[in-house]
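Subject: Structure for you to look at

Hi,

Here is the structure I promised to pass on. Please open it and keep it in view while you read my notes below.

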Amino acid sequence: MTLAEQMIADSAIFFNLAEHGEAITYNGAAIPAVVEPGVSMTRGNAFETMDGTSSSGVAWIRTSDVESPVTGDSVILANGTEWEVVRILATNGGVHQIEIMGSENPWGTSNTRRVRTV
């Protein structure tokens with residue numbers, strides 16, 4: 001077995017809902033993911049609230065669940081907060097690492113989000 005094959009096999013543990021994973025809704029489909037909300041209320045450059053801040057985080061999703069994530073894809077976390085894909089950070093071993101941002105964070109709403117125009 002190659003390292004890449006081993007990483008894909010190991011992802012079954014990583015994404016196990018009883019271990020590290022959580023159920024999210026990605027563009028309307030329920031999939032397992034590992035989500036790290038990151039630092040909330042940090043200075044944003046893609047989406048901002050009316051007070052100039054945004055909530056950001058990182059999520060790992062399997063390539064078998066989402067073949068090609070795209071900026072703007074919808075992500076709804078298990079707690080119901082709504083996020084959007086900002087960029088794809090990496091794809092390796094059958095897993096995408098994506099950055100997500102939104103006007104909501106795991107602890108509540110930070111205001112209404114608006115697209116920042118430059």
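Let's start from the outside. The chain has an accessible surface of about 6,600 Å², and carbon and sulfur atoms account for 52% of that. Keep in mind that this is a predicted model.

Next, the layout. There is one helix in the chain, along with 11 strands. The helix comes at the N-terminal end of the order, and the strands follow it. Contacts reach far along the sequence. Take those between residues at least 6 apart: 55% of them join residues at least 24 apart.

Now go inside. The chain has 118 residues, and 39% of them count as buried. In soluble globular proteins, nonpolar side chains tend to be buried together.

Which residues touch the most other members of the largest nonpolar core? They are Ile-24, Tyr-26, Val-35, Ile-61, Val-75, Ile-98 and Ile-100, out of 14 residues in that core. Five elements give two or more residues to this core: β1 (22-26), β2 (29-36), β5 (53-62), β7 (82-92) and β8 (95-102). The most come from β2, which gives three residues.

There is also a second, separate core. It holds five residues, among them Val-34, Val-58, Trp-60 and Val-95.

Finally, click on Ile-61. Leave aside its neighbours within four places in sequence. Ile-61 is then in contact with Phe-15, Ile-24, Tyr-26, Ile-31, Ala-33, Val-66, Gly-94, Val-95, His-96 and Ile-98. Of these, Ile-24, Tyr-26 and Ile-98 also appeared above, as members of the largest nonpolar core.

Best wishes

Note on methods. Residues are numbered from 1 along each chain as its sequence is written. This is a predicted model: local features need pLDDT of at least 70, side-chain atom pairs count only at pLDDT 80 or more; totals for chains, interfaces and linings use all residues. Side-chain values use heavy atoms; hydrogens and water are left out. A nonpolar core is a set of buried Ala, Val, Leu, Ile, Met, Phe, Trp, Tyr and Cys residues joined through side-chain atoms within 4.5 Å. Buried means under 20% relative accessible area, exposed over 50%, partly exposed in between (1.4 Å probe, protein chains only). Helices (H or I, at least four residues) and strands (E, at least two) are DSSP runs, numbered from the N terminus. Contact means heavy atoms within 4.5 Å. Accessible areas come from the Shrake-Rupley method with a 1.4 Å probe; for residues, only the protein chains shown count as cover.
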